[in-house]
Amino acid sequence: MKLDAIDLRILDAIQRDGRITKLALAEKAGLSPTPCWMRLRKLEKAGIVTGYHARIALRRIAPVASVMVEIALANHRQSDFERFERVISGIPEVIGCWGVGGGVDYFLKIAAPDIDAYQRLIDGLLDRELGIARYFTYIVTKTVKDELVLPVAALVQAGETQSDS
């Protein structure tokens, strides 16, 4: 789906405020409310807008240890990756998982009540014999930036520039 400047303004606005009113969204997009709302619905139906979420300040209501983990699997068959990903997808404390190229296979972001709970989670993964060859743990001591707003316009424009070359 080709996005124009109005679509990009809509996407930027709803990323910053998922509860924005129809009228305020239309103002930010530079449209009247009905056409703006129709564009938003079109973006949703196209799978570009996949949901609306609230951002929770977890540390205000519960203790949390944020942990980043590098994981390398012993074997690299498709079935090994699929099994690992299926198990990881079902663990609520794993709040992010990225398959990567290079010296490791996955980066995980884990939110646990404390370091002991994190270690029990890792021990449970190792007990399940998922083929983890090694893992490295990094305790987050300070969050410098944790941005949820994606630079959609800049990325789309960069992609268009590259495809024109």
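**Pocket lining and nonpolar cores**

Helix α1 makes the greatest contribution to the lining of the largest pocket, supplying four residues. The structure examined here is a predicted model. In this model, the largest pocket has a volume of about 1,400 Å³. Its lining comprises 36 residues, and those that lie nearest the pocket centre are A54, R55, D146, E147 and L148. Besides α1, which spans residues 5–16, the strands β1 (65–73), β2 (94–99) and β3 (106–112) each contribute at least two residues to the lining of the largest pocket. In chemical character, the lining of this pocket consists of 22 nonpolar, seven polar and seven charged residues.

The nonpolar interior was examined next. The largest nonpolar core contains 21 residues, and within this core I71, F84, I110 and L125 have the most contacts. At least two residues of the core are drawn from each of β1, α4 (78–89), β3 and α5 (115–127). Of these elements, α5 provides the largest share of the core, namely five residues. The strands β1 and β3 thus appear both in the lining of the largest pocket and in this core.

The surroundings of F84 illustrate the packing in greater detail. When residues up to four places away in sequence are left out of the count, F84 touches I71, L73, Y106, L130 and I132. One of these partners, I71, is itself among the core residues with the most contacts. A second core, separate from the one described above, has 15 residues, including I20, L25, A26 and C36.

Methods. Residues numbered from 1 in each chain as written. Predicted model: local features only at pLDDT ≥ 70, side-chain atom pairs only at ≥ 80, totals over all residues. Heavy atoms only, no water. 1 Å grid on protein atoms, 1.4 Å probe; cavity = no way out; pocket = protein on both sides within 12 Å on 5 of 7 lines; lining within 4 Å. Points joined across faces, edges and corners; volume = space filled by probe spheres on them. Nonpolar A, V, L, I, M, F, W, Y, C, P; charged D, E, K, R; others polar. Core = buried A, V, L, I, M, F, W, Y, C linked by side-chain atoms within 4.5 Å. Buried < 20%, exposed > 50% of the residue type's maximum accessible area, 1.4 Å probe, protein only. Contact = heavy atoms within 4.5 Å.
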